[in-house]
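Colleague: Before I rely on any of the labels attached to this model, I would like to hear which criterion stands behind each of them. Could you take me through them one by one?

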Amino acid sequence: METPKEIFLKDYKLPDYYFETVYLKFVLGEESTIVSSEIVVVRRVEGSSAPLVLNGEDMKLVSIKVDGKELKADDYLLGPRHLTLVSPPSTKFTLEIVTDICPQKNTSLEGLYKSSGNFCTQCEAEGFRKITYYQDRPDIMAKYRVRIEADKSLYPVLLSNGNLLEEGDLEGGKHYALWEDPFQKPCYLFALVAGPLESRDDTFVTRSGRKVSLRIWTPAKDVPKTAHAMYSLKAAMKWDEDVFGLEYDLDLFNIVAVPDFNMGAMENKSLNIFNSRLVLASPETATDADYASILGVIGHEYFHNWTGNRVTCRDWFQLSLKEGLTVFRDQEFSSDLGSRPVKRIADVSKLRSYQFPQDAGPMAHPVRPHSYIKMDNFYTGKHCFVTLSRVLIHVYIQAYHCGLSFIVSSTLFKILSSRFNTFE
Ligand SMILES: [Zn+2]
């Protein structure tokens, strides 16, 4: 085994290779799942001869090809955490990799896993490397097309990011769906869900007239409990337009709520995934606090569409930037729709009971750490309580449109860090 390494912010280097497009094909099976990837790779600096290092864990490499030719054993190095192409072509090339993974045996709940009859993914922060060999880092931004094939009776619903291009039947009781996300994204925002789910459907018309289909997918018995979540989603879409001028950018928005989703909630582009407990409510049992918390969390994940997804982080040291910004937005949303003083008191008392003890103990760390071994340890309350002014957020979004997101995010980070602990 290779020992996990400590990663330092000061060591950040631009990647040697960028990925332009990624085509992924999943053949979901009961024993194992075959993942075929086809990536268009470009070298960042012409003339450099750097090796291409891909992350990958817990999978079997079936084949690897460059521009259609199978690589020989001495063209690459395969370790337990990396696959390295020793001397990739100097011009743009296509890399094809086939891996064999076992979602049924994946108990880490990172990557692709199967639980209670559903296939589901969780890729933030570093789960994509358990799906296929890839440069699993947020500054690798690519456009994705995803084809999913599975048994039709066991997995009638096949979801991924973006717009649904095609679906149809295959031989042997199988079917397929082809999804395309027109926007570049880091792989931590990739998502796939397949299973026997049913949906509550609605539509939202954006201020420029785009008609967006909204679907909340759950096991059949839970559909009646999703009315408040749908209300919350539509309210969030409208509020982001009114307050931040941010409009939804695709024709479809899917939410999945399943009981086995470990992470709580995840903002995958156009396919948000939640644990059921954060989404479902019925008037017979839910309290006012339950309704308020559903509104907040649905809003939070939706708001990430701009702050986090379209404007993303350069590296994981910037985690607090996307989270701080988005929590600020969800707090404003909940304050505008409910009571501002009540929301503030609840947030500060949560901060006192969870964040203060951490900051007083051995797990204390700056908003932006200087190093980490495993990023997951930083998903605590800390990033949730920083405040930024609306003006700065507008600067951030505008800069994104000029292609400056990474640079601006670093500058904003300094402001954000200096403002932490200045809440009233
Ligand atoms: Zn978040």
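Modeller: Helix 1 passes helix 2 in a right-handed crossing. The contact is made by His 228, Ala 229, Ser 232, Leu 233, Ala 236, Met 237 and Asp 240 on the helix 1 side, and by Tyr 291, Ile 294, Leu 295, Ile 298, Gly 299, Tyr 302 and Phe 303 on the helix 2 side, where contact means that the C-beta atoms, placed from the backbone, lie within 7 Å. The residues of this contact divide into 10 nonpolar, three polar and one charged; Ala, Val, Leu, Ile, Met, Phe, Trp, Tyr, Cys and Pro count as nonpolar, Asp, Glu, Lys and Arg as charged, and the others, Gly among them, as polar. Please keep in mind that the model is predicted, and that local features need pLDDT of at least 70, side-chain atom pairs count only at pLDDT 80 or more, and totals for chains, interfaces and linings use all residues. Residues are numbered from 1 along each chain as its sequence is written.

Colleague: What makes helix 1 and helix 2 oblique to each other?

Modeller: Helix 1 (residues 227-244) and helix 2 (residues 288-303) pack at an angle of about 50°, with their axes 9 Å apart. Angles under 35 degrees count as roughly parallel, over 145 as roughly antiparallel, 65 to 115 as roughly perpendicular and the rest as oblique, so helix 1 and helix 2 are called oblique.

Colleague: Why are helix 2 and helix 3 also called oblique?

Modeller: The axes of helix 2 and helix 3 (residues 319-337) come within 9 Å and cross at roughly 140°, a value that falls into none of the three named ranges, and the pair is therefore oblique. Helix 2, too, passes helix 3 in a right-handed crossing. Among the residues making this contact are Leu 295 and Gly 299 of helix 2 and Phe 333 and Leu 337 of helix 3, and by class the contact has six nonpolar, five polar and two charged residues.

Colleague: How do you know whether Lys 343 is buried or exposed?

Modeller: A residue is buried if 20 or more other C-beta atoms lie within 10 Å of its own, exposed if 12 or fewer, and partly exposed in between. Lys 343 has 20 other C-beta atoms within 10 Å, so Lys 343 is buried. Lys 343 is found in helix 4 (residues 340-359) and touches Gln 331, Ser 334, Ser 335 and Gly 338, not counting residues up to four places away in sequence. Of the 424 residues of the protein, 39% count as buried.

Colleague: How do you know that strand 2 and strand 3 pair?

Modeller: Two strands pair if DSSP finds at least two bridges between them. Strand 2 (residues 17-27) and strand 3 (residues 33-43) have nine, in the antiparallel sense, with Val 22 of strand 2 bridged to Ile 39 in strand 3. Strand 2 and strand 3 form a hairpin with five residues between them. On strand 3, antiparallel pairing with strand 9 (residues 93-101) also runs over nine bridges.

Colleague: Over how many bridges do strand 11 and strand 16 pair?

Modeller: Strand 11 (residues 118-122) and strand 16 (residues 192-195) pair over two bridges, in the antiparallel sense, which satisfies the criterion; Phe 119 has Ala 194 as its bridge partner in strand 16. Both strands belong to an open sheet of four strands with the order 10-11-16-13 and antiparallel pairing. Strand 10 (111-115) and strand 13 (157-160) are its edge strands, each pairing on one side only, and the twist averages 15° from one strand to the next.

Definitions and conventions: Axes fitted to C-alpha atoms, helices over the stretch in contact; angles between N-to-C directions. Left-handed = near helix turned anticlockwise from the far one by under 90°. Contact = placed C-beta atoms within 7 Å.
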